[in-house]
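Good morning, everyone. Please bring the sequence and the structure up on your screens, and I will then walk through a few places in this chain that I would like us to look at together.

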Amino acid sequence: MAVSYRRVAALKTADAFQDHLDRLGIAGRLPFDGGSGGSGGPDAAPLAEPLHLPDGRTVGNRFCIQPMEGWDGTLDGMPTELVRRRWRGFGASGAKLIWGGEATAVEHQGRANPNQLRLQEDTASALAALRRELVAVHEERYGRSDDLLIGLQLTHSGRFCRPNDNGRGEPLTLYAHPLLDRKFAVDASRCIASDEQVAAIVERFIAAGELAWQAGYEFVDVKHCHGYLGHEFLSAMDRPGRYGGSFENRTRFLREVVAGLRRRVPELLIAVRLSAFDLIPFEPGGGDRVGVPSSGALPYRWGFGAAPDDPVDYDLAEPIRFLALLEELGIFLVNLTAGSPYYNPHIQRPALFPPSDGYQPPEDPLVGVARQVDVVRQLKARFPDMIMVGSGYSYLQEWLPHVAGAVLAGGWADAIGLGRMTLSYPTMPDDLLAGRALQRKRICRTFSDCTTAPRKGLISGCFPLDPFYRNRDEAGELRRLKQSVP
């Protein structure tokens, strides 16, 4: 690649890490506690503090397991032993807030891949058993689970639906998008959902929420992030009818789902994972494949939280309005992320090594981490009574606890979300809270194999660092597939 960035693993001391932040000009947007150095991290007290929710519940600490998209269920949406192994890891992690652990589709056609979990009548008992297994592991290791809060992320993948094992996408879009339709070869005239189809999906979300409550989950996340259906509603400026155009119409989907859930299962907590800002899609540029913004659509009208005249920057005016709506709806659990892994992954999932179908990062990934951390700070300051989970921390690697502790101590967020890190090192929270040194060989280095593998039709997992996956046949197949990529 034409531009190289210093690896976080090469920053061996707190001073070296701080100097690097200073050189990048992001020290003011990425708080850092130098602590006792990289071996064991600074004082873990902020991470160990209980989290008191507005409804009186208490979550035992400030770590959150983020919802991820699994590619290793059955073709009919049931958990397999691979899924159960991952969830046992969540139970053993030491984190007390489990934000679904897994993106779960509300219907078959809404799945992002043929092996994604699905929650309907025929799968509900299996998902209840999955939760019970997580709780049993947690209780065995920590002696209690009364301070554990477990939810389930409900999703419909919209334009990124790929529900059947036929190698083809089956998108359901909300409007014609001039850049994404071109990028993903979508014929919008054939796949825009009617208002009647949207109303039916609303009912699917409500039914899935009721099943989740019956299965023992204490909250559901009505997913509004990463370019999937809920997120696309927020940018449906050009859609006519009840679900597009005005802010009121673009949030009607959420309001109808919330109203239905409150009628059917009033005890169920409702949460939202939100891409707090989006940017214009990026694509590989030139022979070095460094990401560049897509051209040909200014002002950019289709990015929720993107600045229309400069869509490589964010504009928080509508995200602030959306959070005010959540507050009006009595939703206080909010998990903030950014962008989409499909068209601008460097802002959503900062990494030095992109997946095989991606592009080389156009900025030091620490800049992407700082952007997400600082946006959460701004939104938390506007909505201090909301419980906000931050994202994008895995790229910090050894220095994750130093930044996470400083974020919490400064009131920039309420909880620290861990996603990819839990695939290679699920017990990182436990080690940190117990004062043990980090296990360096298990720390996620953002190699992106956990993304490349499923995009090549393989199972999800950490192939470089988890011996369980490294020793499987799929690891060899993944190496061969990566070598064949130009």
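I would like to begin with the largest cavity, whose lining is made up of P345, H346, R349, A351, F353, P354, P355, G358, Y359, P361, S448 and T451. Please keep in mind throughout that what we have here is a predicted model. The space in this largest cavity comes to about 130 Å³, and a search of the whole structure finds 4 cavities of 30 Å³ or more. If we sort the lining of the largest cavity by class, we count 7 nonpolar, 4 polar and 1 charged residues.

One of those lining residues, T451, deserves a closer look. T451 sits in helix α17, which covers residues 449-455, and its relative accessible area is 8%, so T451 counts as buried. Leaving aside residues up to four places away in sequence, T451 touches R349 and P355, and both R349 and P355 also appear in the lining of the largest cavity.

Let me turn now to the strands, and to β10 in particular, which spans residues 333-337. How many of the residues of β10 are buried? The count is 5 of 5, so that the strand is mostly covered. L333, N335 and T337 point one way from β10, while V334 and L336 point the other way, and all of them are buried. As for its partners, β10 is joined by 5 bridges to β7, residues 269-275, and these two strands run parallel; within that pairing, S275 has T337 in β10 as its bridge partner. A further 3 bridges join β10 to β11, residues 387-390, again in a parallel arrangement, and here V334 is partnered with M388 in β11.

An antiparallel pairing is found between β8, residues 282-285, and β9, residues 290-293, which are joined by 4 bridges. In this pairing F282 stands opposite P293 in β9. The two strands form a hairpin with 4 residues between them, and in the turn G286 has a positive phi of about 65°.

My next stop is a loop residue, R118, which is found between β4 (97-105) and α4 (124-142). Is this arginine, R118, buried or exposed? With a relative accessible area of 7%, R118 falls under the 20% cut-off and is therefore buried. Not counting residues up to four places away in sequence, R118 touches D76, G77, T104, A105, E107, H108, T123 and L127. The C-alpha atoms of R118 and M78 are separated by 6.9 Å, although these two residues are 40 residues apart along the chain.

Finally, a word on the cysteines, where the count comes to 0 disulfides. C191 is in no disulfide, and the nearest cysteine sulfur, which belongs to C161, is 9.9 Å away. C191 is also buried, at 9% relative accessibility. C444 is likewise in no disulfide, the nearest cysteine sulfur being that of C450, at 6.3 Å; the cut-off for a disulfide is 2.5 Å between the sulfur atoms, so a separation beyond that does not qualify. C444, too, is buried, with a relative accessible area of 9%.

Technical notes:
Residues are numbered from 1 along each chain as its sequence is written. This is a predicted model: local features need pLDDT of at least 70, side-chain atom pairs count only at pLDDT 80 or more; totals for chains, interfaces and linings use all residues. Side-chain values use heavy atoms; hydrogens and water are left out. Two strands pair if DSSP finds at least two bridges between them. On a 1 Å grid over the protein atoms alone, a cavity is a set of points where a 1.4 Å probe fits but cannot get out, and a pocket is an open set with protein on both sides within 12 Å along at least five of seven lines; lining residues have an atom within 4 Å of a point. Grid points are joined across faces, edges and corners, and a volume is the space filled by probe spheres set on the points. Ala, Val, Leu, Ile, Met, Phe, Trp, Tyr, Cys and Pro count as nonpolar, Asp, Glu, Lys and Arg as charged, and the others, Gly among them, as polar. Buried means under 20% relative accessible area, exposed over 50%, partly exposed in between (1.4 Å probe, protein chains only). Contact means heavy atoms within 4.5 Å.
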